[in-house]
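Welcome, and please load the model in your viewer. We will go from one selection to the next, with a short note on what you will find at each stop.

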Amino acid sequence: FQLLQKFAYNILSSIFIIISGSFIDEPLFWYVLTKLIVCLTGMPGAGKSTVAEGLKPKGYDIINMGNAVREEATKKNLEPTRSNLGKLMLKLREKNGLGAVAELIKPQIESSTAHVILIDGVRSNDEIQVLRKFGSVKLLAIHASADTRFNFLQERGRSDDPQTKDHFQERDNRELSVGISNSIALSDNTISNTGLTKDELIESAFNIIQSWIEWKFQILVAK
């Protein structure tokens, strides 16, 4: 594989030199060609899944971290309740390391043919480190008030969504305990989902992602 990779670099970089008259070094060359992995982070109900679903028509592949845990629950014959999924997520991290949930989605990333992959529901920097093995990673945080988030989760009505304020606070505390505040704090860009329509939220995310795509190719052209 390394010989094939080196051959591809030699051929394609030669083409680039002919076209632009510039030379691009090998690490930068592979950085530009790798997948762009956009990690969506934020507290439950902030609007991450709304963004992910809204951007599907753009040709991005969508991978949901929560669904990976739900699939594990199915394999273990567990009902996908709020309590079961929360305990399973913590157990996976305890047994397989803090990046365990990101490890579950590796096959989906590796089989993807899309140039942009959206990862819905990144919770920690350890998960981000796992994802960096498969492409260039950018982190987009979605913020929303507690009332906005609670109301959205009640309306969504997924099996593990909280239906009381106590359950909502319990879920927030669990997310904070696994390090989600760190991934939010270190995000490359943020969107405040306050007073935005659904379409405005999706459009804001799309514009940010497009700027990251353009930035990658501007690096190549600048070289």
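Leaving aside neighbours within four places in sequence, which residues is Ile119 in contact with? Select Ile119 in this predicted model and show its surroundings: the partners are Ile37, Val38, Cys39, Leu40, Ile63, Met65, Ile105, Ile109 and Leu131.

**The nonpolar cores**

Stay with Ile119 and widen the selection to the largest nonpolar core, which has 26 residues. The members that touch the most others are Ile37, Cys39, Ile105, Ile109, Ile119 and Leu131. To see where this core draws its residues from, colour the elements that give two or more: strand 1 (36-41), strand 3 (116-120) and strand 4 (136-143), together with helix 4, helix 5, helix 6 (100-104) and helix 8 (125-131). Apart from this core lies another one, of 21 residues. Leu40, Ile191, Ile208 and Trp212 are among its members, so to speak your handles for finding it.

**Helix 4 against helix 5**

Next, select residues 65-75 for helix 4 and residues 82-96 for helix 5. Their axes come within 10 Å and cross at roughly 95°, which makes helix 4 roughly perpendicular to helix 5. Now turn on side chains for the contact. Helix 4 brings Val69, Arg70, Glu72 and Ala73, while helix 5 brings Leu85, Leu88, Met89 and Leu92. Sorted by class, this contact holds six nonpolar residues, two charged ones and no polar ones.

Before leaving, click on Asn77, in the loop between helix 4 and helix 5. Its phi is near 60°, a positive value in a residue other than glycine. Asn77 is exposed, at 71% relative accessible area.

**Salt bridges**

What links helix 10 to helix 5 across 88 residues of sequence? Select Glu170 and Arg82: their side chains meet in a salt bridge, with N to O at 2.8 Å. Glu170 belongs to helix 10 (residues 165-177) and Arg82 to helix 5, so the pair ties together parts that are 88 residues apart in sequence. Switch on a surface to compare the partners. Arg82 is buried, with a relative accessible area of 18%, whereas Glu170 is partly exposed at 39%.

Move on to Glu103 and Lys106, another salt bridge, with the closest N and O atoms 3.2 Å apart. Here Glu103 is partly exposed at 32% relative accessible area, and Lys106 is partly exposed at 25%.

Then pick Arg156 and Asp161, where the closest N and O atoms of the salt bridge are 2.8 Å apart. Is Asp161 buried or exposed? Asp161 is buried, with a relative accessible area of 5%, while Arg156 is partly exposed at 28%. In the same round of selections, add Arg70, Arg158 and Asp160, which are joined into one network by salt bridges that share partners. You have already met Arg70, on the helix 4 side of the contact with helix 5. The full count is 11 salt bridges.

**Zooming out**

Finally, show the whole protein as a cartoon. How many helices and strands does the secondary structure come to? There are 12 helices and five strands. Colour by accessibility, and 46% of the 223 residues will show as buried. If you draw a contact map, keep to residues at least 6 apart in sequence: 75% of those contacts join residues at least 24 apart.

Definitions and conventions. Residues are numbered from 1 along each chain as its sequence is written. This is a predicted model: local features need pLDDT of at least 70, side-chain atom pairs count only at pLDDT 80 or more; totals for chains, interfaces and linings use all residues. Side-chain values use heavy atoms; hydrogens and water are left out. Axes are lines fitted to C-alpha atoms, for helices over the stretch in contact, and angles run from 0 to 180 degrees between N-to-C directions. Helices (H or I, at least four residues) and strands (E, at least two) are DSSP runs, numbered from the N terminus. Angles under 35 degrees count as roughly parallel, over 145 as roughly antiparallel, 65 to 115 as roughly perpendicular and the rest as oblique. Contact means heavy atoms within 4.5 Å. Ala, Val, Leu, Ile, Met, Phe, Trp, Tyr, Cys and Pro count as nonpolar, Asp, Glu, Lys and Arg as charged, and the others, Gly among them, as polar. A nonpolar core is a set of buried Ala, Val, Leu, Ile, Met, Phe, Trp, Tyr and Cys residues joined through side-chain atoms within 4.5 Å. Buried means under 20% relative accessible area, exposed over 50%, partly exposed in between (1.4 Å probe, protein chains only). A salt bridge is a side-chain nitrogen of Lys or Arg within 4 Å of a carboxyl oxygen of Asp or Glu.
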